Amino acid sequence: MIQRIQSIFLLFSALSFGSLFAQFMAFSDVQVIKGGNTVLEGSALFADKVYNIWDNYLLLGLTILGLLLSLIAIFMFSDRTRQMLISRFAFICSILILIMAALLFLIDYRALPARAELLFDIEYGVLAPIAALVFLALALRFIKKDDKLVRSMDRLR
């Protein structure tokens, strides 16, 4: 049923993915200490001094996919195996968001000139994919538990 605990965890997962679209949920904030703003002009990620999902189409696509998969999985309560499969794909999307964000950060950071002194503040957006991972893991756990309960009831009939 839709009021089960895994539906709540899937909703929280969708909210975690959706929060990445908010302006304050950036991955990192950049302050230029030495070198001026000309240092960041050639950067694909840090040109606007904020690193968020809008800086890369792959990050944006993975976030949208994770959000949609979490929402779709909520309404798949009648087919638990399909609900687990969709939740696993959303889990993979969350892992890929973290990996892609780190890789893009390192690639673009190494392309910046060495003479620049930059201060990177890690923002709350880093926690959103981690929160989605936790909520999806909890949802998967309760979906499996629910499936096990239904299968044990089938054996009693």
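In these exercises a residue is called buried when its relative accessible area is under 20%, exposed when that area is over 50%, and partly exposed in between, using a 1.4 Å probe and protein chains only. The model is predicted, so local features need pLDDT of at least 70 and side-chain atom pairs count only at pLDDT 80 or more, while totals for chains, interfaces and linings use all residues. Residues are numbered from 1 along each chain as its sequence is written, and side-chain values use heavy atoms, with hydrogens and water left out.

**Exercise 1. Work out the order of the elements along the chain and describe its overall burial.**

Step 1. Helices (H or I, at least four residues) and strands (E, at least two) are taken as DSSP runs numbered from the N terminus, and on that basis the chain has 4 helices and 3 strands.

Step 2. Read from the N terminus, these elements follow the order α-β-β-α-α-β-α.

Step 3. The chain has 157 residues, of which 42% count as buried. Its accessible surface, computed by the Shrake-Rupley method with a 1.4 Å probe and, for residues, with only the protein chains shown as cover, comes to about 9200 Å², and 67% of this belongs to carbon and sulfur atoms.

Step 4. With contact meaning heavy atoms within 4.5 Å, residues 24 or more positions apart account for 80% of the contacts that have a separation of 6 or more.

**Exercise 2. Characterise helix H1 and follow one of its buried residues to its contacts.**

Step 1. Helix H1 covers residues 5-19, and its 15 residues reach 21 Å from the first C-alpha to the last, close to the 21 Å expected at 1.5 Å a residue; the expected span is 1.5 Å times one less than the number of residues.

Step 2. The buried residues of H1 include Phe9, Leu10, Phe17 and several serines, among them Ser7, Ser13 and Ser16.

Step 3. Ser16, which lies in helix H1, counts as buried because its relative accessibility is 9%. Leaving aside residues up to four places away in sequence, Ser16 touches Ala128, Ala131, Ala132 and Phe135.

**Exercise 3. Identify the centre of the largest nonpolar core and the elements that supply it.**

Step 1. A nonpolar core is a set of buried Ala, Val, Leu, Ile, Met, Phe, Trp, Tyr and Cys residues joined through side-chain atoms within 4.5 Å.

Step 2. The largest such core has 34 residues, and those that touch the most other members are Phe27, Phe46, Tyr51 and Leu59.

Step 3. Two or more residues of this core come from each of H1, helix H2 (57-74), H3, strand E3 (117-122) and helix H4 (127-156). H3 gives the most, with 8 residues.

**Exercise 4. Trace the salt bridges and decide which parts of the chain they tie together.**

Step 1. Side chains of opposite charge can pair when their charged atoms come close. Here a salt bridge is a side-chain nitrogen of Lys or Arg within 4 Å of a carboxyl oxygen of Asp or Glu, and the structure holds 4 of them.

Step 2. One salt bridge joins the side chains of Arg4 and Asp146 at 3.4 Å, N to O. Since Arg4 lies in the segment before H1 and Asp146 in helix H4, the pair ties together parts that are 142 residues apart in sequence. Arg4 is partly exposed at 35% relative accessible area, whereas Asp146 is buried at 10%.

Step 3. Asp147 and Arg80 meet through their side chains in a salt bridge of 3.2 Å, N to O. Asp147 belongs to helix H4 and Arg80 to helix H3, so this pair ties together parts that are 67 residues apart in sequence. Asp147 is buried, with a relative accessible area of 10%, and Arg80 also counts as buried, at 18%. Salt bridges that share partners join Arg80, Asp147 and Arg151 into one network.

Step 4. Arg82 forms a salt bridge with Asp79, with the closest N and O atoms 3.7 Å apart. Arg82 is partly exposed at 47% relative accessibility, and Asp79 is partly exposed at 25%.

**Exercise 5. Locate the nonpolar surface patch and place Ile99 within it.**

Step 1. Patches are made of residues with over 30% relative accessible area and no salt bridge, like charges being joined within 9 Å and nonpolar side chains (Val, Leu, Ile, Met, Phe, Trp, Tyr) within 5 Å.

Step 2. Leu85, Phe89, Ile92, Ile95, Leu96, Ile99, Leu103 and Ile107 form a nonpolar patch on the surface, and together they have about 710 Å² of accessible area.

Step 3. Ile99 sits in helix H3, residues 80-111, and is partly exposed with a relative accessible area of 45%.
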